[in-house]
Amino acid sequence: MPGMPGDRLELIDIVSTYNEGGRRLKALDGVTLRVGAGEFVALVGPSGSGKSTLLDIIAGLLSPDSGAVLLDGAQTTAGQRLGRSAYMQQRDLLLPWRTTIGNAALGLEASGVARATAERRAGAQLERFGLGGFGAAYPAQLSGGMRQRTAFLRTMLPEKSLLLLDEPFGALDALTRADLQAWLALLWEQERPSVILVTHDVEEAIFLADRVLVLTARPGRIALELPVDLPRPRTRELLASPEFLSERTTLLNALGILHGQRT
Amino acid sequence: MTERRGLLDRWRWLGPGLLIAALLAMWEIAVRITGTPTWLLPAPTDVGRSLIDDRDILLPNALVTLSEVLLGFLLALLAGIGLGAAIFRSPTLDRVLYPIIIGTQTIPIPALAPLLLVWFGYGLLPKVLVTALVGFFPIVVNTVEGLRATDREVVDLLRAFGASRSRIFRLAEFPSSLPSIFAGARIAVAVCVIGAVFGELVGARAGLGYLMTRAISQFHTPRLIAAIVLLSLMGTSLFALIGLIERLALPWRKYVTASRD
Ligand SMILES: Nc1ncnc2c1ncn2[C@@H]1O[C@H](COP(=O)(O)OP(=O)(O)O)[C@@H](O)[C@H]1O
Ligand SMILES: [Mg+2]
């Protein structure tokens, strides 16, 4: 199956295993998916279904056992994918010895930009990321929401056209989470990168994404694909609208049916 | 908050200070009551008098020892961090060199001092080398272990952004190993003082170790103990100095420990 024009990313029949105590443990079992240019895709699945493994493969940190990964229609090796996307891992991974500005600049510095330039560009974005006045603070002095915003800024600053976000709101309290979700929706509408957002929050997936993919429990396989037909720009009011609730019912029903099949 | 911590710091010295004062007082009284001769065991006041009266002999020799300690320590620091980084980066060196370095710890390094004396004579060099050899081990081990303790996911984060091996080392691995390197340096500087004195005891023309051998042969016991007092003062000050440099170089650490409380 050749990559279709306009596809930013295409995964074909990805199988991935881990060695665990001599046994081979299958994490992904034939995952096929596509992400268009400027498309926002949410990936939902139970814990251990291979979501982080999938993002590791796309980022180039891991080679799948079999299957193909295409970027802009061209097949790639893991090494060739390094530096092609911006990966925000499950933990914020802020360096304790760097200030907010220093941490935000890290992604740029990693890709070869001089520190002074990188920090100047990070400093110019602090306000927009809700970090104004905290540029010189160390991570240990920041709240959870602030830390996550810093990690977001680090991810966005290199302006990659493919973002991999692994449960970016998972560790936050409900209010901060809602706040940051709306803020991410706005940010995405301004810059329109391709996004894969891993989450196990169904409402978050529907609120943010153009399309929701559901992974089965381990080993992960795409069990369901649900287009989200909700207008943009999306705001918090949308959460109470009948359209949103019907999308949510559809997805929850589908998940319930899946769950019924598993047990 | 900072004020309270400063106050706590001051109170922290009170306990040890009182204990030392009490021990010195008991020592003084015991020597006076038993009438022990000064050459056998001088009273603290005898040592104090020697510190003042013999200062023109003690200070120049202390400076000689201090320069040996500092030169040896710097050498150990450069070699230890350099080799530690090389062992961390090269699997071959890790397999071939690291076990040998660990193995050398079974050699009592100060026992090498006579050999170095034969090779390099009575000057500064053999003392600096003994000092460097004893200081090298804690630094190289703490460098290697510190580098290895780098968060794997941080390394992956930088790899995903396309960072090269050497850039990952500079941005993540080396800075994250610094607390461990400083811990090694603090141990090293203390053993460096011992190393320098050993080097001098074996054969020297200057230094506190040299002064101690002279004082013993002349039954000048107060001066011997005065030299020991200066040595322990030197060790403690250098230890504290490294701690101070660490606090200035790693200002973020106070927040990390504070948030873990
Ligand atoms: N480095 C690893 N070594 C061995 N097994 C792993 C490793 N990483 C993940 N796994 C296993 O692979 C499966 C998928 O993990 P992961 O991709 O982290 O799932 P998710 O992110 O969906 O929770 C899990 O069963 C997990 O235990
Ligand atoms: Mg995960």
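Which helix of chain B is B:Lys127 found in? Keep that one in mind; we'll get there after a look at chain A. One caveat before you start clicking: this is a predicted model.

**Stop 1: chain A as a whole.** Select chain A and switch to cartoon. You'll see 8 helices and 10 strands. The radius of gyration is 19 Å, close to the 18 Å from the globule rule for 263 residues, so chain A is as compact as a globular protein of that length. If you draw a box around the C-alpha atoms along the principal axes, expect roughly 50 × 45 × 40 Å.

**Stop 2: inside and outside.** Stay on chain A and colour by accessibility: 54% of its 263 residues count as buried. Now turn on the surface, where chain A exposes about 11,000 Å², with carbon and sulfur atoms supplying 53%. Contacts next: of those in chain A with a separation of 6 or more, 67% come from residues 24 or more positions apart.

**Stop 3: the charges.** Select the 28 positive and 29 negative charges of chain A; their mean positions lie 5 Å apart.

**Stop 4: B:Lys127.** Hop over to chain B and pick helix 7, residues 124–148, which is where B:Lys127 sits. Show its side chain: B:Lys127 is buried, yet has no salt bridge. The nearest side chain of opposite charge is B:Glu68, 5.6 Å away, whereas a salt bridge needs the nitrogen within 4 Å of a carboxyl oxygen.

Finally, select what B:Lys127 touches, leaving out residues up to four places away in sequence: B:Glu68, B:Gly121, B:Tyr122, B:Ala196, B:Gly199, B:Glu200, B:Gly203 and B:Ala204. B:Glu68 turns up here too, as one of those contacts.

Terms used: Residues numbered from 1 in each chain as written. Chains lettered and ligands numbered in written order. Predicted model: local features only at pLDDT ≥ 70, side-chain atom pairs only at ≥ 80, totals over all residues. Heavy atoms only, no water. Helix = DSSP H or I, 4+ residues; strand = E, 2+ residues; numbered from the N terminus. Rg over C-alpha atoms; globule rule 2.2 N^0.38 Å. Buried < 20%, exposed > 50% of the residue type's maximum accessible area, 1.4 Å probe, protein only. Contact = heavy atoms within 4.5 Å. Areas by Shrake-Rupley, 256 points an atom, 1.4 Å probe, with all protein chains shown as cover. Lys, Arg positive; Asp, Glu negative; His and termini not counted. Charge placed at Lys NZ, Arg CZ, Asp CG, Glu CD.
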